[in-house]
Amino acid sequence: MADDQKFLWIFRCGLKGLCPRCGEGRMFSRWLKIADKCDVCGLDFRFASPDDGPAFFSLCIVAFPLVFLIVWFEVAVSPPFWVHLLTSFPLVSLGCILPLQPIKGWLVASQYVNKAQEAGTEQLWAQLNKTSENEGKSDGS
């Protein structure tokens with residue numbers, strides 16, 4: 001797969017929360033809970049370890065610019081505190097929480113497509129790849 005195709009595949013699967021192998025099954029069983037396996041192709045999601053990545057990217061991409069905007073608003077307009085409670089707090093809260101699932105999906109899809117692994121997980125990757133090869137042979141491929 002070419003780099004631009006990889007990027008589009010990772011982006012599509014991550015954004016929609018789809019299985020990075022087949023692109024059809026659901027990656028999440030709940031809001032941020034990764035499913036045990038794909039319900040379509042059977043991909044075991046035990047390899048997925050996005051850890052704190054989604055929170056980090058959400059804070060860097062969303063929270064930092066929003067906080068800058070809120071500080072600018074405070075300095076320029078000096079609104080009463082209740083205005084910040086009605087505008088700033090919900091804006092930052094929702095702005096950081098809503099992108100968590102797409103970012104987590106993007107990280108999991110990136111791990112799978114790029115075969116990224118943590119130190120000590122070589123055996124798990126070998127087992128996962130062996131399983132996928134055996135499934136392809138049993139389908140007559």
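**Surroundings of helix α4 and the nonpolar core**

The buried residues of α4 are covered by elements that include α2 (53-77), α3 (81-86) and α5 (100-113); contact here means heavy atoms within 4.5 Å, and buried means under 20% relative accessible area, with a 1.4 Å probe and protein chains only. Helices are DSSP runs of H or I with at least four residues, numbered from the N terminus. The model is predicted, so local features need pLDDT of at least 70 and side-chain atom pairs count only at pLDDT 80 or more, whereas totals for chains, interfaces and linings use all residues. Residues are numbered from 1 along each chain as its sequence is written, and side-chain values use heavy atoms, with hydrogens and water left out.

Helix α4 spans residues 88-97, and S88, G95 and C96 are buried in it. Seen down the axis, these buried residues fall within an arc of 90 degrees, so they line one face of α4; the arc is that of the directions from the helix axis to the C-beta atoms. On the face turned away from the buried side, α4 carries F89 and L94, which are exposed (over 50% relative accessible area).

The largest nonpolar core (buried Ala, Val, Leu, Ile, Met, Phe, Trp, Tyr and Cys residues joined through side-chain atoms within 4.5 Å) has 17 residues. I34, L43, F45, F47 and V108 have the most contacts inside this core. Two or more residues are given to the core by each of α1 and α5, and α5 supplies the largest share, 4 residues.

Two loop residues that are not glycine have a positive phi of about 50 degrees: D51 and S78. D51 lies in the loop between α1 (3-16) and α2 and is exposed, with a relative accessible area of 59%. S78 lies in the loop between α2 and α3.
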